[in-house]
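Colleague: I would like a close look at one part of this model, if you have a moment. Could you walk me through a helix pairing and what lies around it?

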Amino acid sequence: MLVVLVAFIVSKEAFALRSSPVRPILQRPISRVRRDAALSTNEIRLKKQIKTVWRFTRPHTLIGTIVSIPAVHALASPTFLACFTPTFWYCVLSALIPAMFVNVFITGLNQVHDADIDKINKPQLPIAAGDLSIKDGKILSWTSLALAAISTSVMMPTLPLLTVLIGSALLGAAYSAPPLRLKRWPLPAALCIITVRGALVNICFFFHACLHGFVQGTTARTSLEAYLYPITFFFA
């Protein structure tokens with residue numbers, strides 16, 4: 001009889017707990033904690049992915065592009081004050097944005113095709129470290145090239161700008177990717193770098209600035225001496 005009474009009380013209390021409005025109240029904090037935990041996990045994953053993509057772009061290689069393009073435009077300027085006009089800076093951005101995308105394409109392609117070598121020489125790179133797959137690296141590289149083409153066509157597709165972008169992309173691919181993969185030999189590898197950084201970048205961006213970097217009525221410095229300054233400084 002005592003056993004039956006105890007069983008009845010226990011069953012009654014259990015029924016009361018099930019029918020009590022307290023249960024949903026207790027469930028809410030638990031569900032909220034789970035949701036917050038899921039959001040936190042997603043945020044951590046997203047931050048990691050963003051950091052991985054940022055590492056893949058090789059940010060230190062962008063410094064030369066960011067510095068050289070405004071500098072070459074400034075060398076083409078007829079006056080000091082002409083460097084502070086909206087026309088000047090729009091011309092700089094029209095060259096800088098696609099050039100940065102092409103830079104990411106070149107460095108990304110190099111990482112894709114050097115994955116095995118980088119595991120030894122540069123294990124901190126995202127593909128070598130296993131943080132990014134080769135497939136995703138290819139997608140990021142070719143997407144960057146597509147964005148370079150789109151930004152150029154939208155902003156200011158001058159002949160000098162198209163020359164330096166297409167030339168840099170082709171030489172970058174020839175440097176890293178098969179079948180040429182010119183980086184296997186010292187002289188062709190050096191010639192690729194000199195051609196892009198020493199000739200194409202300086203001369204083509206200079207003439208790009210001369211064509212569209214200044215308001216009508218001003219004349220850019222288009223003498224042979226003027227646009228040879230950047231190349232002289234580069235080789236010095």
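Which residues in α7 meet which residues in α8?

Modeller: Happy to. This is a predicted model, in which local features need pLDDT of at least 70 and side-chain atom pairs count only at pLDDT 80 or more, while totals for chains, interfaces and linings use all residues. Residues are numbered from 1 along each chain as its sequence is written, and side-chain values use heavy atoms, with hydrogens and water left out.

On the α7 side, the residues are P160, L161, T163, V164, G167, S168, L171 and Y175; they meet A189, C192, I193, T195, V196, L200, V201, C204, F205, F207, H208 and L211 in α8. Contact here means heavy atoms within 4.5 Å, and helices are DSSP runs (H or I, at least four residues) numbered from the N terminus. By class, this contact has 15 nonpolar, five polar and no charged residues. In that scheme Ala, Val, Leu, Ile, Met, Phe, Trp, Tyr, Cys and Pro are nonpolar, Asp, Glu, Lys and Arg are charged, and the others, Gly among them, are polar.

As for geometry, the axes of α7 and α8 are 8 Å apart and the helices pack at an angle of about 165°. Axes are lines fitted to C-alpha atoms, for helices over the stretch in contact, and angles run from 0 to 180 degrees between N-to-C directions. The two helices are therefore roughly antiparallel to each other, a label for angles over 145 degrees. The crossing of α7 and α8 is left-handed, meaning that the near helix is turned anticlockwise from the far one by less than a right angle.

V164 of α7 makes a good example: leaving aside neighbours within four places in sequence, V164 is in contact with L200, V201, C204 and F205. V164 and F205 also appear, with I69, A76, L161 and L165, among the residues that touch the most other members of the largest nonpolar core, which has 28 residues. Such a core is a set of buried Ala, Val, Leu, Ile, Met, Phe, Trp, Tyr and Cys residues joined through side-chain atoms within 4.5 Å; buried means under 20% relative accessible area (1.4 Å probe, protein chains only). Two or more residues of this core come from each of α3 (59–76), α4, α7 (159–176) and α8 (186–212). Apart from that core lies another, of five residues, including F56, V112, A115 and I127.

The loop between α7 and α8 deserves a look too. P179 is found there, and a cis peptide bond joins P178 and P179, with omega about 10°. R181 is in this loop as well; R181 has a positive phi near 45° without being a glycine. Its relative accessible area of 15% makes R181 buried. For context, most residues other than glycine have a negative phi, and most peptide bonds are trans.

Finally, a second pairing to set beside yours: α4 (residues 86–113) and α6 (residues 134–155) have axes that come within 8 Å and cross at roughly 160°. That makes α4 roughly antiparallel to α6, and α4 passes α6 in a left-handed crossing. One residue of α6 is S141, which counts as buried at 0% relative accessibility. Not counting residues up to four places away in sequence, S141 touches F56, F105, G108, L109 and V112.

How values were computed:
Parallel < 35°, antiparallel > 145°, perpendicular 65-115°, else oblique. Buried < 20%, exposed > 50% of the residue type's maximum accessible area, 1.4 Å probe, protein only.
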